[in-house]
Amino acid sequence: MEVLVILMVFCAAGAVFLLPIVTVALLNKLRREHELGLDSLKRELRSLSKQIDGLAAAAPVRADKLAPPISEGVPSPVKQTQPEQPDEELVELKFVDEEPEAEKAEALEPAQTTTEQKIQEFLNASTKSKPHQTPPPRREIRLPAPPPREPHPWETAAKETLHRIWNWIIVGEEHVPEGVTMEFAVASQWLLRIGVLIFVVGIGFFLKYSVEHGLINEVGRVALSTITGLGMLVAGTRLLGRRYHVLGQGLLGGGLATLYFAVFAAVNFYHLIEPSQGFILMSLITVLAGGISVRFHSMLVAVLGIIGGYGTPVVLSTGVVNYPGLFGYMLVLGIGVLGICYWKSWRLVNYLSFAATYGLMLASFEDYNSTHLWEVLPFAIAFFVLFSTMTFLYQLVNRSKSNLLDLLALVANTGIFYSISHWLIEPVYGRTWVAAVTLCLAAFYTIHVFLFLKWRIIDRELLVSFMGLAAFFLAVTMPLVLSSEWITVSWALQAAVMLWIAGKLGSRFLQQIAYLLYGIVLFRFGLIDLQRQFLQAAPAADLAIGDYVRQLAERLVMFGVPIGSFGFAYRLLISQDAEKEGLVGQQNDIPDWLPANGVIRLMAGLALAMVFVYLHLEFNRTVGFFYQPLKLPLLTLLWLAICGLLAWEAIIRESRVLLSVLMLFVGGVLFKLILFDLPSWGFTNGFLYDGPYSFRDAGLRFLDFGALIGFFAAAYFWLGGRVPTKSAGTFLGFCSLGTLFVYLTLETNTALHTYVEGLRSGGISILWSLFALGLILPGIAKRIRVLRYLGLGLFAIVAWKVFFVDLATLDQFYRIIAFIALGILTVSGSFLYLKYQDNFKLQEMSDTEDQP
């Protein structure tokens with residue numbers, strides 16, 4: 001609870017002090033940006049006016065165009081060759097899409113006033129007209145309107161692809177044919193497609209009906225289906241290139257689907273041929289379908305072949321679980337589609353194959369159990385590799401760039417495969433082997449990145465997708481393998497390695513991914529790991545020393561590695577050459593999301609903050625376990641070490657931000673002293689430490705207060721001698737004096753209360769008089785008025801205390817001692833003023849009086 005309260009107080013102080021500072025900084029930044037923009041606008045207007053003057057001087061001037069255009073509601077006084085010039089003239093800029101030719105001459109007329117006057121009038125947007133005078137006319141300068149936003153080529157390519165797919169679905173071609181009505185284009189295509197589909201389904205039902213009723217023997221059914229399919233292929237081929245070309249494409253597609261039916265039935269239903277022979281026949285049909293569709297540039301043949309091929313297992317389903325036969329058949333179909341991708345960019349064909357394959361696969365899992373794992377998993381891997389390659393094969397072969405649809409298909413394929421593999425593996429082998437899948441996925445995409453860089457392929461979106469997927473699955477692997485306590489450590493190491501690789505490759509994208517991973521590490525470090533290990537941990541007093549030491553070592557690694565990773569990132573970033581182009585190249589990369597200098601400072605600040613928070617909680621727990629009384633003084637030393645580092649950086653960098661952070665930490669350590677340290681020593685309302693006086697506690701208090709006093713004094717000398725930090729140094733100097741005064745008062749009061757109670761009140765008065773004398777002496781010697789005034793004020797308080805408090809509480813013997821000592825000290829103060837009376841001459845005081 002003490003630690004939590006300290007952190008809450010520190011956060012509140014940060015909110016109070018930092019928010020105004022940040023607000024002022026932002027306002028100053030906005031003001032500077034506004035001034036720079038205004039200066040730029042002035043320069044552009046000045047250049048524009050000079051160009052107009054030059055063009056007007058070179059152009060012939062017509063008599064009827066000498067006067068400027070008359071604004072609405074302003075009469076034209078011009079009736080002579082040389083018009084009477086007005087005192088001022090306003091320049092009005094308008095953005096238009098096109099400028100009529102008749103108005104161009106007016107826009108180029110010479111301005112009769114100076115360029116500076118025109119710019120000033122435009123910026124002020126007001127007219128300083130004299131009383132009872134006609135307002136000056138307005139001269140319009142028409143500028144072309146700013147161009148509309150150009151869509152990114154990535155967006156344009158995706159829209160064109162979707163448009164082509166839609167056109168093919170509606171009219172059978174990627175572009176609407178010219179010279180025919182829409183009715184003809186739609187009706188001819190859809191009647192053909194529906195007819196072929198009905199015909200192929202009818203053949204499937206015929207085969208099924210013949211099986212159920214025994215009409216034709218098995219060989220006859222397969223032979224009849226084969227003859228029908230071949231006949232449709234022959235008829236379709238003869239119609240290609242003629243009047244009924246579209247009908248020929250339909251027959252070809254239907255014939256291919258019928259041949260798929262025949263082979264599938266011969267292998268899986270009737271077992272007339274071996275699976276290997278059926279596989280060869282299906283491969284040949286697939287090659288034939290791909291060859292026909294590519295040779296005759298017919299997407300319809302490919303689409304009908306896919307519908308027929310993937311529809312075969314559905315129509316001829318027997319209800320028997322045969323995963324190798326079904327998935328092997330679909331794999332052959334997918335390889336055929338992959339072959340088409342080598343020649344044609346028919347994304348509709350790819351998407352149909354993708355949807356049909358995974359759809360049939362998921363539907364077949366209705367009868368799945370764990371004994372079928374190795375019948376299914378190899379095919380799932382094969383489908384993943386197949387469709388991953390399918391998304392970019394055509395672009396890779398033809399050196400064209402991918403678009404948004406390709407990347408969405410790549411991500412969808414990866415997500416479906418990971419989900420299926422996770423569902424298959426975890427019930428049988430557990431999470432560890434699921435991690436093997438994610439690690440293999442990371443390696444798979446890493447190989448893609450390596451090949452892209454080796455072959456120098458320019459496709460930024462695709463390369464960035466490969467990098468992102470590799471980084472994602474590498475990050476997912478660790479939580480599956482390690483316990484929750486070590487996830488942050490693994491991600492911190494990954495982030496550091498990723499940032500190092502990004503520097504070697506020159507990849508801005510991979511660098512941003514590393515930053516994202518660092519953000520996740522920071523989140524887990526602060527909100528999960530610290531909570532578990534310190535704020536929600538079991539009491540340390542219940543543990544044996546050996547167990548505690550083991551936990552301490554684990555925490556050192558658990559929190560030391562993330563902190564070291566942030567420090568490594570800081571050192572790596574400041575050593576990188578931002579201008580050097582790496583292997584990835586700018587064409588395959590993205591711009592920075594975050595400014596480089598800001599990230600470097602952020603990494604350093606986060607590393608320091610993480611060190612401080614961890615050490616604070618670790619000292620609080622570990623020192624409290626081994627030796628409780630030493631806990632608070634050591635925490636004070638930790639706070640002061642951070643303050644010293646901030647003070648050093650503030651001096652070196654002359655940073656007001658660091659100086660403000662230093663002041664926040666100083667406030668935090670003072671709050672800690674008042675709210676936690678003093679109550680822990682039994683501080684009471686009588687300005688005493690409760691209980692008998694202990695030299696051990698006195699030594700610990702000396703360490704605690706002494707460290708504060710020494711640091712504040714040292715900071716006064718460090719910061720007070722420099723103009724940018726002088727005010728902060730002065731403040732810390734007074735903090736040193738105030739802390740020393742409180743420490744001496746409390747310690748003296750407690751010691752006298754224990755050993756010489758009768759002298760306690762007088763002893764405090766003597767101490768305060770000595771302190772006042774100690775303030776006056778440097779105040780006079782160094783001409784520091786504030787110190788002298790403080791000393792005199794303290795003498796006044798002592799005088800009041802002596803006569804109104806000490807007289808009533810002191811014994812007669814101690815009263816004599818106290819009054820004599822106080823009298824000597826007070827006279828000593830007067831002696832100092834008399835000794836250095838030359839320092840108090842008015843003229844010298846006004847010339848040489850200084851502030852601390």
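Angles under 35 degrees between two helix axes count as roughly parallel, and those over 145 degrees as roughly antiparallel. This cut-off serves for reading the helix pairs of the present structure, which is a predicted model.

With that in hand, helix H14, spanning residues 404–429, can be set against helix H16, spanning residues 460–481: the two pack at an angle of about 20 degrees, with their axes 11 Å apart. H14 and H16 are therefore roughly parallel to each other, and H14 passes H16 in a right-handed crossing. On the side of H14 the contact is made by Leu407, Leu410, Thr414 and Tyr418, while H16 contributes Glu461, Leu462, Ser465, Phe466, Leu469, Phe473, Val476 and Leu480. Sorted by class, the residues of this contact of H14 with H16 are nine nonpolar, two polar and one charged.

The chain in which this pair sits has 852 residues, of which 42% count as buried, and its secondary structure comes to 28 helices and two strands. Among the contacts in the chain with a separation of 6 or more, 74% are accounted for by residues 24 or more positions apart.

Turning to the interior, the largest nonpolar core has 118 residues, and those with the most contacts inside it are Phe327, Tyr358, Met361, Phe383 and Tyr445. Helix H10, residues 323–343, supplies the largest share of this core, with twelve residues. Phe383 illustrates how such a residue is surrounded, since residues up to four places away in sequence are not counted and Phe383 still touches Phe327, Met330, Leu331, Thr357, Tyr358, Met361 and Asn413. Apart from this core lies another, of 32 residues, among them Leu640, Leu646, Leu708 and Leu746.

Helix H15, residues 431–455, offers two individual positions to examine, one of which is Leu453. At 17% relative accessibility, Leu453 counts as buried, because buried means under 20%. Leu453 and Leu463 are ten residues apart in sequence, and their C-alpha atoms are 8.9 Å apart in space. His448 also has its place in helix H15 and is buried, with a relative accessible area of 12%. With residues up to four places away in sequence left out, His448 touches Ser388, Phe392 and Phe466, and Phe466 is also one of the H16 residues in the contact with H14.

Further along the chain, helix H20 (residues 596–626) and helix H21 (residues 631–653) pack at an angle of about 165 degrees, with their axes 9 Å apart. That angle makes H20 roughly antiparallel to H21, and H20 passes H21 in a right-handed crossing. From H20 the contact draws on Leu608, Phe612, Leu615, His616, Phe619, Asn620, Val623 and Gly624, and from H21 on Lys631, Leu634, Leu635, Leu638, Trp639, Ile642, Leu645 and Leu646. These residues of the contact of H20 with H21 divide into twelve nonpolar, three polar and one charged. Leu646, named here on the H21 side, is also among the residues of the 32-residue core.

Beyond H21, the loop between H21 and helix H22 (656–680) holds Glu654. The phi of Glu654 is near 50 degrees, a positive value in a residue other than glycine, and Glu654 is exposed, with a relative accessible area of 59%.

Another pair is formed by helix H24 (residues 726–755) and helix H25 (residues 760–781), which pack at an angle of about 155 degrees, with their axes 9 Å apart. H24 and H25 are therefore roughly antiparallel to each other, and H24 passes H25 in a right-handed crossing. The contact is made by Leu737, Leu740, Phe741, Leu744, Thr745, Thr748, Asn749, Leu752 and His753 of H24, together with Arg760, Gly763, Ile764, Leu767, Trp768, Phe771 and Leu775 of H25. By class, the residues of the contact of H24 with H25 are ten nonpolar, five polar and one charged.

After H25 comes the loop that leads to helix H26 (785–809), and Arg783 lies in this loop. Arg783 has a positive phi of about 55 degrees, although it is not a glycine. Finally, Gly823 has its place in helix H27, residues 812–835, and is partly exposed, with a relative accessible area of 32%. The C-alpha atoms of Gly823 and Ala799 are separated by 9.8 Å, the two residues being 24 residues apart along the chain.

Methods: Residues are numbered from 1 along each chain as its sequence is written. This is a predicted model: local features need pLDDT of at least 70, side-chain atom pairs count only at pLDDT 80 or more; totals for chains, interfaces and linings use all residues. Side-chain values use heavy atoms; hydrogens and water are left out. A nonpolar core is a set of buried Ala, Val, Leu, Ile, Met, Phe, Trp, Tyr and Cys residues joined through side-chain atoms within 4.5 Å. Buried means under 20% relative accessible area, exposed over 50%, partly exposed in between (1.4 Å probe, protein chains only). Helices (H or I, at least four residues) and strands (E, at least two) are DSSP runs, numbered from the N terminus. Contact means heavy atoms within 4.5 Å. Axes are lines fitted to C-alpha atoms, for helices over the stretch in contact, and angles run from 0 to 180 degrees between N-to-C directions. Angles under 35 degrees count as roughly parallel, over 145 as roughly antiparallel, 65 to 115 as roughly perpendicular and the rest as oblique. A crossing is left-handed if the near helix is turned anticlockwise from the far one by less than a right angle, and right-handed if clockwise. Ala, Val, Leu, Ile, Met, Phe, Trp, Tyr, Cys and Pro count as nonpolar, Asp, Glu, Lys and Arg as charged, and the others, Gly among them, as polar.
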